[in-house]
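Colleague: I have some questions about the labels you use for this model. Please give the reasoning each time.

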Amino acid sequence: MARMKKRNLRRKDGVWDPLADSAHDRHRAAGVPQTPQSMSPAYRLAYADDDFLCREELRPVRLQLELLKTEMILAERGIKSTIVLFGGARIPEPGGDAWAAKNETQRQNLTAASVYYDEARKFAQLCSLHSAQSDHKEFVIVTGGGPGVMEAGNRGAAEVDAPSIGLNIVLPHEQAPNRYVTPELSFNFHYFAIRKMHFLLRAKAVVVFPGGFGTLDELFETITLMQTGRMALVPLILFGEKFWRTIVNFEALAEFGTIAPDDLNLIKFVETADQAWDIISKFYATVDPASVPVASGKR
């Protein structure tokens with residue numbers, strides 16, 4: 001009779017499972033004698049073979065893995081809703097160095113924009129204090145995990161002892177996780193598309209601070225999903241009306257006819273954290289979460 005070894009046959013979800021688990025077999029496979037056969041790449045377990053998983057043909061699997069990993073961890077943590085905070089990586093904290101400036105004009109603009117770092121920090125504090133009422137299951141701050149406004153969001157949450165999420169992505173620069181993201185909720189992505197899905201999957205509000213191409217991309221994707229009825233009409237709030245009206249002529253789009261005049265109502269402008277939180281708190285005080293409005297999508 002084979003030598004017996006006891007192990008727990010209950011999975012974490014309580015299901016009885018008598019089969020050897022994959023982690024156990026990965027460890028067992030690594031312990032076999034080193035021979036030409038066992039050292040061949042072909043011998044590696046498929047799910048433990050990084051080279052195999054990175055093959056072009058495995059792209060659909062990698063997409064699924066990036067969707068699943070974050071979803072499973074957030075679900076296990078019990079996080080039911082989030083407040084999304086978008087904004088520029090290059091905006092410094094007050095008194096900090098405008099490190100991204102390439103000339104004096106940029107330095108002056110970015111230094112003045114540090115007010116948004118402060119407001120993002122305050123806004124995250126307000127959201128996180130409210131989140132504490134649900135044991136940090138609702139209204140959890142999520143940012144892109146990087147510097148600038150993103151750092152301010154995670155920092156504000158950390159300052160009131162609240163968890164916050166960081167959805168980083170592999171880039172040549174600017175995108176190392178900031179030190180205020182909750183480590184257990186610090187994620188990294190290869191695919192922009194999957195990262196964008198995770199930003200919005202639990203979003204109760206989307207708050208956008210001044211930023212560059214990435215911030216504009218995130219704003220316009222969100223507003224398009226709302227306009228076309230693919231996403232509920234949750235509060236979409238833009239900090240810094242002067243900045244946004246300088247960068248984007250929303251009224252000109254309506255006047256030209258490429259958007260409907262009513263589409264301008266999809267966004268709200270604010271200047272302060274208190275104004276933004278007031279919009280969100282009043283929205284959820286008056287709107288039944290089971291029946292949040294959705295645009296018809298009719299053009």
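Colleague: Which helix gives the most to the lining of the largest pocket?

Modeller: α8 does, with 5 residues. Bear in mind that this is a predicted model.

Colleague: Which elements give two or more residues to that lining?

Modeller: They are β1 (82-86), α4 (104-112), α5 (114-131), α7 (192-200), α8 (213-227) and α9 (241-247). The lining has 40 residues in total, and G88, A89, R90, G211 and G212 lie nearest the pocket centre. The volume is about 1,000 Å³.

Colleague: What makes a residue part of a pocket lining?

Modeller: An atom of the residue must lie within 4 Å of a pocket point. In the largest pocket, 40 residues line the space on that basis.

Colleague: How does the lining of the largest pocket divide by class?

Modeller: It has 20 nonpolar, 12 polar and 8 charged residues. Gly counts as polar. G88, G211 and G212, among the residues nearest the centre, are therefore in the polar class.

Colleague: What about the second largest pocket: which element gives the largest share of its lining?

Modeller: α3 does, with 8 residues. The lining has 19 residues, with R62, L65, E66, L68 and K69 nearest the centre. α2 (50-53), α3 (59-77) and β4 (186-189) each supply at least two. By class there are 10 nonpolar, 4 polar and 5 charged residues. About 660 Å³ of space lies in this pocket.

Colleague: Now the helix pairs. Why is α3 called roughly parallel to α7?

Modeller: Their axes cross at roughly 25°. Angles under 35 degrees count as roughly parallel, so α3 is roughly parallel to α7. The axes come within 9 Å, and the crossing is right-handed.

Colleague: Which residues make that contact?

Modeller: From α3, they are L63, E66, L67, T70 and E71. From α7, they are I194, M197 and H198. The contact divides into 4 nonpolar, 2 polar and 2 charged residues. E66 of α3 also appears among the residues nearest the centre of the second largest pocket.

Colleague: Why is α7 called oblique to α8?

Modeller: The angle is about 60°. Roughly parallel needs under 35 degrees, and roughly perpendicular runs from 65 to 115. An angle of about 60° falls in neither range, so α7 is oblique to α8. Their axes are 12 Å apart.

Colleague: Which hand does that crossing have, and which residues meet there?

Modeller: α7 passes α8 in a right-handed crossing. R195, K196, F199 and L200 of α7 meet D217, E218, E221, T222 and L225 of α8.

Colleague: What makes 5 of the residues in that contact charged?

Modeller: Asp, Glu, Lys and Arg count as charged. R195 and K196 of α7 and D217, E218 and E221 of α8 are in the contact, so they give the 5 charged residues. The others divide into 3 nonpolar and 1 polar.

Colleague: At what angle do α5 and α11 cross?

Modeller: Roughly 35°, with axes that come within 8 Å. Helix α11 covers residues 273-286. The crossing is right-handed.

Colleague: How do the residues of that contact divide by class?

Modeller: There are 7 nonpolar, 1 polar and 3 charged residues. E119, K122, F123, L126, C127 and H130 of α5 meet A273, D274, A276, W277 and I280 of α11. Glu, Lys and Asp count as charged, so E119, K122 and D274 are the 3 charged residues.

Definitions and conventions. Residues numbered from 1 in each chain as written. Predicted model: local features only at pLDDT ≥ 70, side-chain atom pairs only at ≥ 80, totals over all residues. Heavy atoms only, no water. 1 Å grid on protein atoms, 1.4 Å probe; cavity = no way out; pocket = protein on both sides within 12 Å on 5 of 7 lines; lining within 4 Å. Points joined across faces, edges and corners; volume = space filled by probe spheres on them. Helix = DSSP H or I, 4+ residues; strand = E, 2+ residues; numbered from the N terminus. Axes fitted to C-alpha atoms, helices over the stretch in contact; angles between N-to-C directions. Parallel < 35°, antiparallel > 145°, perpendicular 65-115°, else oblique. Left-handed = near helix turned anticlockwise from the far one by under 90°. Contact = heavy atoms within 4.5 Å.
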